[in-house]
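Biologist: I am new to this one. Please walk me through it.

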Amino acid sequence: MRTLWLSFCSVVLFLIPAKAQEAPYFVTYDHHLEEPRNLEIGTSTTLGVPRSGQRFYLAPYMELEYGLKGWWTTEFYLEGQSTNGDSAVFTGWRLENRFRVFNREQRINPILYIEYENVNEATRIQKEIVGNSPSFGEPNAELVNTRSHELETKLILSSDVHDWNLSENFIVEKNLSASEGFEFGYSLGFSRPLGTMASAGNCHFCRENFAAGLELYGGLGSTNGFGLHDTTHYLAPVISWQLSDNASLHISPAIGLTQQSNPVLLRFGYSYEIRGFGRKVAQLFGGKP
């Protein structure tokens, strides 16, 4: 519980009085990329409430998202994990890239996603869920000794319809460290802002500062056994609060839909965007703004 309290405090300390609306998803990606030369710094935590006989765990991670081009966003992750009655461990890092296929907005906007993961088997952030159900019974001391080099790809399809966003992600992952097949997963999400008319005054709790939606995500087996048997699935309401033009807070309680899932996953996160970060760094070192 001490680790949980410290993580919660770290989020609260970041709450700078601050308004831009952002999709509230934790797992699903939409087609909106980071603006060029902007840097977004985020911290999120996944709290796993296990079934009887298993142990509660806390999995925080930090992300740095940078807009390289209007059609290219890259993101770097550092992650960890702490299990009640066990230990706290560093679980690895990830590097992802998202590429826009079309420059202009389409009815359905495809985004190509590729990620390299250097993580160990103690990872619990569940940024995506693929394959069959993971095991939560082994101690961290054993799990950290098994490291995986994984390549993950996604086809992201996303549409903005009036005030709604509808997004579908189809996932394929390959463990490069073991002779395993390809693993498959999915994520579906829809969301909308709670208000579309901006208030005349400076209002933190106005409806237009909040967005809400729903995510459904889970595994689809692998090439060794495609389908829903022995897979993990979650249904998750999501809500985000735009604290300022630069800062937002996200919360999502996910409900496990299968016997292999955790009964509850509680996710919360905070992000802060530094606009024109690349330009400011270039000016600092005498480069071209």
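Biologist: Which residues make the nonpolar surface patch of about 470 Å²?

Modeller: This is a predicted model, where local features need pLDDT of at least 70, side-chain atom pairs count only at pLDDT 80 or more, and totals for chains, interfaces and linings use all residues. Residues are numbered from 1 along each chain as its sequence is written, and side-chain values use heavy atoms, without hydrogens and water. Patch residues have over 30% relative accessible area (Shrake-Rupley, 1.4 Å probe, only the protein chains shown as cover) and no salt bridge (Lys or Arg side-chain nitrogen within 4 Å of an Asp or Glu carboxyl oxygen); nonpolar side chains (Val, Leu, Ile, Met, Phe, Trp, Tyr) are joined within 5 Å, like charges within 9 Å. The patch residues are I41, M62, F76, L78, F90 and L95.

Biologist: Is F90 buried, partly exposed or exposed?

Modeller: F90 is found in strand β4, a DSSP run (E, at least two residues; helices are H or I, at least four), numbered from the N terminus. Buried means under 20% relative accessible area, exposed over 50%, and partly exposed in between. At 49%, F90 is partly exposed.

Biologist: Which strand gives the most to the largest nonpolar core?

Modeller: A nonpolar core joins buried Ala, Val, Leu, Ile, Met, Phe, Trp, Tyr and Cys residues through side-chain atoms within 4.5 Å. The largest has twelve residues, including I129, Y234, A236 and V238. Three residues come from the top contributor, strand β11.

Biologist: How far from E40 is the nearest side chain of opposite charge?

Modeller: E40 lies in strand β1. E40 is buried yet has no salt bridge. Lys and Arg count as positive, Asp and Glu as negative; His and chain ends are not counted. The nearest opposite charge is R98, and the distance is 7.2 Å.

Technical notes:
Buried < 20%, exposed > 50% of the residue type's maximum accessible area, 1.4 Å probe, protein only.
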